[in-house]
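This report walks through one protein chain, from its interior to a few details of its backbone. Please have the sequence and the three-dimensional view open while reading.

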Amino acid sequence: MQERFIGEVIKDKRIELGIKQWELCEGICEPSTLSRIENQKQTPTRTVLKALLQRLGLNDERITIAVTSEEILVNELFKDITKDNIRYEKANKEDRAKLREIILERHNELRNIMDKDDHIIEQFLVRSEVIIGQYSFAEKLERLLYAMHLTHPRFELTSIRNGLFTYDELKIINQIANAYSGSGDHAAAIKIWEDLLFNIDKRFATILPNRTCKELVLYGYSRELLIVEDYEKAYINATKGRLIAVENGLFQHLGGFIIIQAECEFQFGNKDVSKELFTDAYHLCRVIGDKANEKIVKEAMADYFQIEC
């Protein structure tokens, strides 16, 4: 196998896609920095490299570069905060209060070692703050758009279908859709999720990070379709999400996908199938500690089948 410099890979892919240097690196690094990277005159940091590769739709999972001890610590904090955010979303009210304190401590630790002009880390922190914060719809939207504009100054909701986004940026857009859903604007939320799915399918190869993003978007989309009682589409997209989750060992939303399928089957009149799916979801949620969805299943089983779990 021919070995190639990472800068050469970035340059060739950028030219292949017809992307200008400033378009690729906007909000990530200066065009002059990208030029040096492409010409093997500068080694990018881990966060810059991952962001550039993701915008190009390239797999960043096998890329290994020399990093400083500070970068290693930043990477570990990224992972810890991400895990805690996932735990926070599945936790009950009491546990959330404890987790919020832990996450905020990690935020402070990360801010103390980050470069003050590092838009990528700042964007990540703002996204995390929205997850654990108690904001109104307007405040959420303002914070999330601020996070997007850190790396995409010209970002608009109408540009989602064909934009060049990293995985973190895709997650922010997903949060924007969730914010619209929470405000009751279901049409806007559905449009954002449909545009996100179009972008993901168009821009990325079938690689694990992409599959993770697609599973996340399918969860929000299928849940929203359930809310507006479009049961056919909700079932189809929940099934797609469930398959991705199982194939890639992604369990965060697996119980939720099964609950959506169960609810749709009930609405279709297939009560035995619905009961079986709710039962499966109940046991799965208990095993993985998904207390929020476990509560939903208990309420559905009692309401639909007069069964106390």
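Is Asn174 buried or exposed, and what is its relative accessible area? Asn174 is buried, with a relative accessible area of 4%, where buried means under 20% relative accessible area, exposed over 50%, and partly exposed in between, computed with a 1.4 Å probe on protein chains only. This is a predicted model, in which local features need pLDDT of at least 70 and side-chain atom pairs count only at pLDDT 80 or more, while totals for chains, interfaces and linings use all residues. Residues are numbered from 1 along each chain as its sequence is written, and side-chain values use heavy atoms, with hydrogens and water left out.

**Surroundings of Asn174 and the nonpolar cores**

Asn174 lies in helix H9; helices (H or I, at least four residues) and strands (E, at least two) are DSSP runs, numbered from the N terminus. Not counting residues up to four places away in sequence, Asn174 touches Trp193, Leu196, Leu216 and Val217, contact meaning heavy atoms within 4.5 Å.

In soluble globular proteins, nonpolar side chains tend to be buried together. A nonpolar core is here a set of buried Ala, Val, Leu, Ile, Met, Phe, Trp, Tyr and Cys residues joined through side-chain atoms within 4.5 Å. The largest such core has 54 residues, of which Leu170, Ile173, Ile176, Ile192, Leu196 and Phe278 touch the most other members. Helix H13 (residues 254-268) supplies the largest share of this core, 8 residues. Apart from this core lies another, of 17 residues, among them Ile28, Cys29, Leu34 and Leu164. As for Ile192, its contacts, not counting residues up to four places away in sequence, are Leu157, Ile160, Ile173, Ile176, Ala177 and Tyr180.

**Aromatic pairs and charges over rings**

A pair of aromatic rings is described by the distance of the centres and the angle of the planes. Rings of Phe, Tyr and Trp (its six-membered ring) pair if their centres lie within 6.5 Å, and planes under 30 degrees apart count as stacked, over 60 as edge-to-face and the rest as tilted. By this rule the count comes to 10 aromatic pairs, and two of them are set out below.

| Pair | Centre to centre | Angle of planes | Class |
|---|---|---|---|
| Phe137 and Tyr180 | 5.1 Å | 65° | edge-to-face |
| Phe278 and Tyr304 | 6.2 Å | 55° | tilted |

The pair of Phe137 and Tyr180 links distant parts of the chain, with Phe137 in helix H8 (residues 137-151) and Tyr180 in helix H9 (residues 167-183), 43 residues apart. Phe137 is partly exposed, with a relative accessible area of 30%, whereas Tyr180 is buried at 14%. The pair of Phe278 and Tyr304 also links distant parts of the chain, Phe278 lying in helix H14 (residues 271-288) and Tyr304 in helix H15, 26 residues apart. Phe278 counts as buried, at 0% relative accessibility, while Tyr304, at 22%, counts as partly exposed. Phe278 and Tyr304 belong, with Phe266 and Phe305, to one aromatic cluster.

A charge sits over a ring if NZ of Lys or CZ of Arg is within 6 Å of the ring centre and within 35 degrees of the ring normal. The charged end of Arg96 sits in this way over the ring of Tyr88, 4.7 Å from its centre, and that of Arg161 over the ring of Phe198, 3.7 Å from its centre.

**Helix H6 and its two sides**

For the 21 residues of helix H6 (residues 93-113), a span of 30 Å is expected at 1.5 Å a residue, and the end C-alpha atoms are 31 Å apart, which agrees; the expected span is 1.5 Å times one less than the number of residues. The buried residues of H6 are Leu99, Ile103, His107 and Leu110. Seen down the axis of H6, these buried residues fall within an arc of 90°, so they line one face of the helix, the arc being that of the directions from the helix axis to the C-beta atoms. What covers them includes helix H5 (69-90) and helix H7 (119-132). The face turned away from the buried side carries the exposed residues Glu94, Lys98, Glu101, Glu105 and Asn112.

**Backbone details**

Glu229 has a positive phi of about 65° although it is not a glycine, and lies in the loop between helix H11 (208-227) and helix H12 (231-248). Glu229 is exposed, with a relative accessible area of 56%. Gln306, in the segment after helix H15 (291-305), likewise has a positive phi, near 50°, and is exposed at 61% relative accessible area.
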